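Here's a quick tour of a few packing details in this model. Have a look at the structure first, then read on.

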Amino acid sequence: MIDADTTWQQACTALAGGDYETAFGVLSAALDEAMPAAVGKGKGAAVSPVAARICVYLGSLHALYGDGAAEQLEATLAEARGLNPAVGSEALYLALSAELEARTRGPEAAPPSGAVREALDPVARFHALCALALAEQPQAALDIHLAVGELPLHLRWRLRSWQADCQEQLGHTADAINLYAEAAHLAGGLDRAVMVQEQAALLIQDGQPEEAKKILDGARLLYGSKQTPQINPVQGEDEGLNLATWHYLCAQALLQMDQADAAYEMIREADRLERQYGTPGYVVALLTGQILSHLGQQEKAITAFESALKLAEDSDRPYANHELGVALLDMDRPVEARDRLEVALNEPDYPYQPEVLADIAECDYRLGRMPEAQLAAEQALAQGAVIPASLVLGSVALDYFQLDEALEHYERVVREAAPDSRDWIIGHQMAADVMAQQGFPNPAAAVAHAQQALDNTPESDDWHGTLQDLLARAQTLMGQQDGRMLN
C-alpha cells in the first residue's frame, strides 16, 4: 500500500541531490498507484486521502519553480481537493493556496492564517513564509518560527534565501548579505552560484565591490572552465542566463573599482550570453552605457542608453531617460538632454528627481538661461542633490561675478564629495581659481585647494598649468605674509 509521507521522504531524498526529475517521478508513480481507490465503485469510493495528500506534495514541488509553475500548482491543488475535500483544511494545502494567491495578487492577497503560520508541519510554515514574502509582508514572514534543521535539505537554503529577501525588503542590507551567504553555504551546484550572486549584488549596492568581486571569483568555478564554460544541456538556458548575470555583476563591481576596461569586457560577455540563451535585457544595456560613459565613449554610450530605453519596463524608463540625458549633456547637446531629463522629472516615483533637477539646471546654464538655471539648482539643493546643484550655483555666481558666493558653493562641493572623486577635484580647482580672482585674501587656503587639485590633475589636462601658476602665486604671498609677521 502506498504511504504518502514515505513517498514524500523518497522524493525529498532525490531533491536533496538536485534530482527533480526523479522526485517528480516518485510522486507521480505513487499518485498513479493510489488513484484506483479514487475511481472505484460508488460515489464514496472517489475519496482518496492518500492520493490527495500526494497531490499536495506535488504542489510543494511545483511551488519551487515560482511564477512559471503557478498554473501547475493551481491544477494540482484543485485535483487534491477533488480527491478529498477534507484536504482543504490541512495546513500544507492552505499554505500552498496562500502562496499561489500571493503570486497572482501580490499585496492584495489574503495572508495565511495564524494557525497555518504556527502549524506543526514545518513545510507548511515554509510555504506560509513564502506567501507573506510575496505579499510584501516581510516582517510577518520573518516572525514565523522555523529552524533550518526542521526542513528537508532542499528547502533549507531556500528558507535562508526567502529570509534574506525579506530583510532586503525591510532595508536591512547587512542582515540580507549574511543570510544569502548562509543560503550559499547550504546550497549546492548552480543554486550555490545563484545565492553567491545575490549576496554579491547586495555587496555592490552597499559599496563593497572588492568583497563582491572576491566571492564572485569563487562562484565562477561552479560553472566550470573559464575557457569553455560547462553549460548543462538539460538546464542550459537557466545556467547560461545565470552565467550572464555573473558577468554583469562582475562588470558592476569592476566599474565601482574604477577598472572600466575590465568592466567593459565583462559586460560584453554578459550581453553575448544573454543573447545566446535568452533575449537582450535592460540592465545589461544600461550598464553598458554607464561603462562606455566612464571610458569617454559618449556616442556609443548614447546608443546603449537608447537600447536600454527600448528594452525598459515602465518603472525602469526614468532611469534610462536620466542616463541618456546626462550622456547627451556630456556631449554638449543640452537641448536634447533637457528633453530626456524632463521626461524623467515627470515620473513622480523616480527616486533621483533632485539629481534630475540639478542636471536640468546644468542644461539651462549651458543654454544661457541663468535665472532658470539658478532656480532649478536651488530647488535641487533644497531637495538634497547637494554636489551637482552646488556646481551649477557656483558657475552661475561666477558669471554674475559674485565671487564670495561662488567660493561658498565650491567649498561645499569639496566638503560633500568623496575624496579624489571627479566632483571633489573640480571643487578644489574652482575654489583655487575663485580665490585667485579675489586676489588671494587667504593664500594658505588657496595653496591647500590648488595642491589638492594639482595632485589629482594629469599633466595633459589644461588645468595642470593653471594650477601650477595659482599654487606658485599663493605660496609667494604666504611667504610674504610670513615675512611681515616675523618683522
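## A buried histidine, some rings and a helix pair

Let's start with H154, which sits in helix 9 (residues 153-169). This is a predicted model, and in it H154 counts as buried because its relative accessibility is 3%, under the 20% cut-off. Leaving aside residues up to four places away in sequence, H154 touches W8, C12, L15, A16 and L64.

Now for the rings. The count comes to 6 aromatic pairs, and two of them are set out below.

| Pair | Centre to centre | Angle between planes | Type |
|---|---|---|---|
| F24 and Y65 | 6.1 Å | 40 degrees | tilted |
| Y350 and Y352 | 5.7 Å | 65 degrees | edge-to-face |

F24 belongs to helix 2 (residues 20-34), while Y65 is in the loop between helix 3 (49-63) and helix 4 (70-83), so this pair ties together parts 41 residues apart in sequence. Y65 is partly exposed, at 43% relative accessibility. Y20 joins in too: Y20, F24 and Y65 make up one aromatic cluster. In the other pair, Y350 is buried at 6% relative accessible area, whereas Y352 is partly exposed at 40% relative accessibility.

How do helix 14 and helix 15 cross, and at roughly what angle? The axes of helix 14 (residues 260-277) and helix 15 (residues 282-294) come within 10 Å and cross at roughly 155 degrees, which means the two helices are roughly antiparallel. Their crossing is left-handed. The residues of this contact split into 9 nonpolar, 2 polar and 2 charged. Among them are I267 and D271 in helix 14, and L287 and H294 in helix 15.

Key: Residues numbered from 1 in each chain as written. Predicted model: local features only at pLDDT ≥ 70, side-chain atom pairs only at ≥ 80, totals over all residues. Heavy atoms only, no water. Axes fitted to C-alpha atoms, helices over the stretch in contact; angles between N-to-C directions. Helix = DSSP H or I, 4+ residues; strand = E, 2+ residues; numbered from the N terminus. Parallel < 35°, antiparallel > 145°, perpendicular 65-115°, else oblique. Left-handed = near helix turned anticlockwise from the far one by under 90°. Contact = heavy atoms within 4.5 Å. Nonpolar A, V, L, I, M, F, W, Y, C, P; charged D, E, K, R; others polar. Buried < 20%, exposed > 50% of the residue type's maximum accessible area, 1.4 Å probe, protein only. Phe/Tyr/Trp six-rings, centres within 6.5 Å; stacked < 30°, edge-to-face > 60°.
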